Amino acid sequence: MTEIGEVGAERADEVLAVIHASFADRPALDPPATALDETSRSVADALTAGGGLLAVHDGEPVGTLLFADHGPLLGVRRVGVLPAARRHGVASLLAERAEAVARERGYRGLVLEARAELPRTVAFWEGHGYVQVGRDGPKLRMERLLPVTVTLPKPEDTQAAGRRLGALLRAGDLVILSGDLGAGKTTFTQGLGDGLGVRGPVTSPTFVIARVHPSLNDGPALVHVDAYRLGDAAELDDLDLDTDLDLAVTVVEWGSGLAESLAGDRLEIVLHRAADDVRTLRLTALGARWTDTDLSRLG
Ligand SMILES: Nc1ncnc2c1ncn2[C@@H]1O[C@H](COP(=O)(O)OP(=O)(O)O)[C@@H](O)[C@H]1O
Ligand SMILES: [Mg+2]
């Protein structure tokens, strides 16, 4: 049984021991990782400032990480699991708990640095929803923005959420909408067009695949795409959307699994209608474009 708990400076020696033991067998990197330079004092200072996590298995510390404040994001560093305890999901438990802590503390998301020379580490964080947002030599900056969930009791709520988002969008932004038929994708896009200030009416574009709504002021146009009948990403490519992408806001209904290749920075929105007709919206923001935008107030 592995338990993960938040710890402070009183556990600095245990945290330090796990950091040293888990980083000691890593391949030599250039520039070298500095984890082995940590001391009881430096770890205690870090724990006092931001706290950390300690994973304990059968009473023995086996994994750890340290937190640090990075403005809107919670920084995560020194993620280590003892060699003997690897491949048992301890790192995943740490990653999940870090996300819960970020949520509890009111952060917008999490940020960490991963080394490009360690592709399995990079893949691990990608598997937990982190995307690369920057690079400094071999050091990759990876972020995970926390998904935002909104309950939508009435059609007007779906429109209002779209309107609030539309007001935050600018040229180059890509929104991928998914959800079953009737979930509210077009309703949401109507609100979004309103918030953006484009000429309507926004309707279901099923028979035209893509429709352009010009701005009513000096803002970007809205390109509204219905990818329902597109077979694959190549057919989406044929629409040449990328030529307009930088100048417009692009919203793709049924875009999941197809439109991701259009832009690394994007919003993925899933509209869901449960059996009891309760409707929800779940928004996931990907990429540096969204780090400094508060998307938590769409409801
Ligand atoms: N939050 C909501 N509560 C109840 N009905 C909704 C809500 N949002 C949308 N609807 C209704 O659901 C129907 C289908 O919406 P639509 O936007 O066309 O779905 P989609 O584009 O996903 O197929 C419309 O009649 C719309 O008014
Ligand atoms: Mg529709």
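A polar contact here is a pair of N or O atoms within 3.5 Å; within protein, one must be able to donate a hydrogen and the other to accept it, and residues adjacent in sequence count only if both atoms are side-chain atoms. With that in hand, let us start at the ligand.

| Residue | Atom of the residue | Partner | Distance |
|---|---|---|---|
| Lys185 | polar side-chain atom | oxygen atom of ligand 1 | 2.7 Å |
| Thr186 | polar backbone atom | oxygen atom of ligand 1 | 2.9 Å |
| Glu253 | polar side-chain atom | oxygen atom of ligand 1 | 3.4 Å |

Taken alone, ligand 1 exposes 560 Å², and the protein buries 72% of that (accessible areas by the Shrake-Rupley method with a 1.4 Å probe; for residues, only the protein chains shown count as cover). There are 15 residues around ligand 1, and Thr158, Gly182, Lys185, Thr186 and Thr187 come nearest (near means that a heavy atom of the residue lies within 4 Å).

This is a predicted model, in which local features need pLDDT of at least 70 and side-chain atom pairs count only at pLDDT 80 or more, while totals for chains, interfaces and linings use all residues. Residues are numbered from 1 along each chain as its sequence is written, chains are lettered from A and ligands numbered from 1 in the order written, and side-chain values use heavy atoms, leaving out hydrogens and water.

Now for the domains. The protein is divided into domain 1 (2–145) and domain 2 (148–290), with bounds from an automatic or database domain assignment. Their contact takes 4 residues from domain 1 and 5 residues from domain 2, where contact means heavy atoms within 4.5 Å. Between domain 1 and domain 2, the count of residue pairs in polar contact (both at pLDDT 80 or more) is 0.
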